[in-house]
Amino acid sequence: MERVMRVINENLSNPALTVEMISTEVGISRVHLHRKLKGLTNQTTQQLIRNLRLKQAASLLAGKRHNITEVATLTGFAHPTYFATAFREMYGMSPSEYMERHIGQDKTKDGIFWYERCQLLQQEMPTFDKKDSIFYICLLYTSPSPRDRT
């Protein structure tokens, strides 16, 4: 199983990754590979490859460093539309919705951090200079956003 996972992970971005390629690299027949994986993971080899690609894609989307088409390509999906369909099937939402949810979560965490930091600053220095850049950061993160006002 370790060799199979190594081959899959090394070739995850390769859209030409096939069951035959894995079985050749590992040195067992397609049928034997299928039986082993089905017994251990309850997934076919193709399903395992697809699910690992989608998990990697979710991680990349949460990192917000790539757009959806780039993520599809980086994870070995030749067609972005198939990627979006498969992603929705596995996660119950589109890749863009998934990315938006993670952006919102990060902003919330940032906002809580800065809100607490600003509260501490105000306690330590009740009359801190309003020209100080931290003051503007505090205003930015403690003021409700237009979305929150509605």
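So, F83: this residue is buried, with a relative accessible area of 0%. Keep in mind that this is a predicted model, so every number I give today is computed from it.

F83 has company. F77 is buried too, with a relative accessible area of 7%. How do the rings of F77 and F83 sit relative to each other? We describe a pair of aromatic rings by the distance of the centres and the angle of the planes. For F77 and F83, the centres are 5.2 Å apart and the planes are at 55°, so we call that pair tilted.

Now on to F87 and Y98. Their ring centres are 5.3 Å apart with the planes at 80°, so this pair is edge-to-face. F87 belongs to helix α6, residues 80-91, while Y98 belongs to helix α7, residues 95-124, so the pair ties together parts that are eleven residues apart in sequence. Buried or exposed, these two? F87 counts as buried at 0% relative accessibility, and Y98 counts as buried at 13%.

Put those rings together and you get one aromatic cluster, formed by F77, Y82, F83, F87, Y91 and Y98. The count of aromatic pairs comes to six.

Two of those cluster names come back in the next bit, the second largest pocket. Its volume is about 160 Å³. Which residues line it? F77 and Y82 do, along with P15, L17, Q46, I49, R50, R53, G76, A78 and H79. If you sort the lining by class, you have six nonpolar, three polar and two charged residues. Helix α4, residues 45-63, gives the most to that lining, with four residues.

Helix α4 also turns up in the packing around α2, so let's go there. Helix α2 covers residues 19-26, and V19, I22, S23 and V26 in it are buried. Looking down the axis of α2, the buried residues fall within an arc of 95°, so they line one face of the helix. That fits the usual helix arithmetic: with 3.6 residues a turn, residues three or four places apart point the same way. And what does the face turned away from the buried side carry? On α2 that face has the exposed residues T24 and E25. As for the partners, the buried residues of α2 pack against α1 (2-10), α3 (30-41) and α4. Right after α2 comes G27, with a positive phi near 90°.

While we're on backbone angles, there is another one to look at. Most residues other than glycine have a negative phi. N42 is not a glycine, and yet its phi is positive, about 60°. Where is N42? You'll find N42 in the loop between α3 and α4. N42 counts as exposed, at 58% relative accessibility.

Let me zoom out to finish. The protein chain has nine helices and zero strands, so if you read the elements from the N terminus on, you just say alpha nine times: α-α-α-α-α-α-α-α-α. Of the 150 residues in the chain, 30% are buried. And if you take contacts between residues at least 6 apart in sequence, 49% of them join residues at least 24 apart.

Terms used
Residues numbered from 1 in each chain as written. Predicted model: local features only at pLDDT ≥ 70, side-chain atom pairs only at ≥ 80, totals over all residues. Heavy atoms only, no water. 1 Å grid on protein atoms, 1.4 Å probe; cavity = no way out; pocket = protein on both sides within 12 Å on 5 of 7 lines; lining within 4 Å. Points joined across faces, edges and corners; volume = space filled by probe spheres on them. Helix = DSSP H or I, 4+ residues; strand = E, 2+ residues; numbered from the N terminus. Nonpolar A, V, L, I, M, F, W, Y, C, P; charged D, E, K, R; others polar. Buried < 20%, exposed > 50% of the residue type's maximum accessible area, 1.4 Å probe, protein only. Arc of directions from axis to C-beta. Contact = heavy atoms within 4.5 Å. Phe/Tyr/Trp six-rings, centres within 6.5 Å; stacked < 30°, edge-to-face > 60°.
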